[in-house]
Structures are given as structure tokens and as C-alpha cells.
Amino acid sequence: MFYTLDILGTIAFAISGVLVAFHKRMDVFGILIIAFVTAVGGGTLRDLLIGNTPVSWMLDMNYTYAILASAVFAIIFRKKINYLRTSLFLFDTIGIGLYTVVGIEKGLNANLHPIICIALGTMTASFGGVIRDILCNEIPVIFRKEIYATACILGGLTYFVLIEFPIKTDFVFIISGLVVIISRLLAVKFKITLPNIYTKET
């Protein structure tokens, strides 16, 4: 289940990267680069921080194959994706839900404190998108008012609450990931944002 979630998160983020690159009218090489950094950026930073080198995607070619296949799929069927913004949002949201759980599990395997594991999960989920947005000359979503990293933290807290109960690990993964996804979906639907500390004068 853990490996499956990791691959699914890679696919979701790769497609979200392709959609952003389309919006920026990049060439095929640019599209592939953005897809790749979006998919593995957060996981690469995570592995470097916990000393897990070479990083995971370098040891398993399935990640590269998944990214390339996802990019080709999105390129071929780009005309079928009628609502670019909606599609980007959905794939990005699925990606952060899956990667949050993956990052937390990696932290636990490294014997880190639960708080650090949640931070690691949030970083894994968020930083691929941060790199993508910076390369595409956009303000990263995580730095705006939108509920993004907060959803990852909620999913992380859910994970550590659930493992205290006799629940199968696979269900803990799924439920925690769904909490992230649903939290972000509800926040966007009902326009829930973090408070803005700036006044008109500033």
C-alpha cells in the first residue's frame, strides 16, 4: 500500500506539473522538466534531510517511468481536459494527500518524533509544487492564503491519532490521505482561508 501510494502521488503531481507547463505554453522539454520536478521535488528534499541517499527515485526506475508515462498521457489527451484549472487543482490535491502520508511514514522509519514526521510529510507534499511554481514564475500556493500546508498537517495529526487504535495500517494511510484531500476541497469550496495579518495601510 505504501509503495502504491507513493507511485500514485508521483503520477498525480506529474500531471499537475504538465498542466501548469501547458498554461505557461512551454515546449515539450519544458513540460517534462516541470512534470519531473513537481513529482520528485518534495521527496528529494525529504530524503536529503533524513540522509536517505541516493534518493528513492534514483534507486527505482518505476518512478521515472511513471512520470514519463503521466506526462505523455497528459500531452496526448490535453484537448480532453476542458477545465484546466479544475484539473490542476484536483491532481494537485490528490498529490498532497498521498505524499503527506508517504512523508510521515518515511519519518517514522527514520525514528523521528511525530511532530517532525508531520513536518516532513507536509514538506514532501508541498515542495514539489513550490519548485514548480517558482520555475513557472508563480507565487507558490503554500505561501498564499489558501488552505494547503494546513490540510497536510490535519492529515498528519489524523495519522497519529489513528495509529493509537487497532486499525489496519492500510486504512490509516487511506483515511489520513483522504483527510488532507477533503480538507482542501472543502476549504476551496467554502472559501475558507487563513487569516490575513495585513491591513490596507500596510
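Helices here are DSSP runs of H or I with at least four residues, and strands are E runs of at least two, numbered from the N terminus. This is a predicted model, with local features needing pLDDT of at least 70 and side-chain atom pairs counting only at pLDDT 80 or more, while totals for chains, interfaces and linings use all residues. Residues are numbered from 1 along each chain as its sequence is written, and side-chain values use heavy atoms, leaving out hydrogens and water.

**Exercise 1.** Work out how much of residues 4-78 is helix and how much is strand.

*Solution.* Start with the content: the span is 83% helix and 0% strand. Then look at its ends, where the C-alpha atoms lie 25 Å apart.

**Exercise 2.** Find which helix gives the largest share of the largest nonpolar core (buried Ala, Val, Leu, Ile, Met, Phe, Trp, Tyr and Cys joined through side-chain atoms within 4.5 Å; buried means under 20% relative accessible area with a 1.4 Å probe, protein chains only).

*Solution.* First, the core has 29 residues, and Phe13, Val18, Ala35, Ala39, Ile67 and Ile96 touch the most other members. Next, the elements giving two or more residues include helix 1 (2-23), helix 2 (28-49) and helix 4 (61-76). Helix 1 wins, with six residues. Now zoom in on alanine 35: leaving aside neighbours within four places in sequence, it contacts (heavy atoms within 4.5 Å) Ala14, Gly17, Val18, Ile67 and Ala71.

**Exercise 3.** Classify the aromatic pair of tyrosine 159 and phenylalanine 160.

*Solution.* Check the rule: ring centres of Phe, Tyr or Trp (six-membered ring) within 6.5 Å pair up, with planes under 30 degrees stacked, over 60 edge-to-face and the rest tilted. At 5.4 Å centre to centre and 70° between planes, this pair is edge-to-face. Finally, Tyr159, Phe160 and Phe173 form one aromatic cluster.

How values were computed
Buried means under 20% relative accessible area, exposed over 50%, partly exposed in between (1.4 Å probe, protein chains only).
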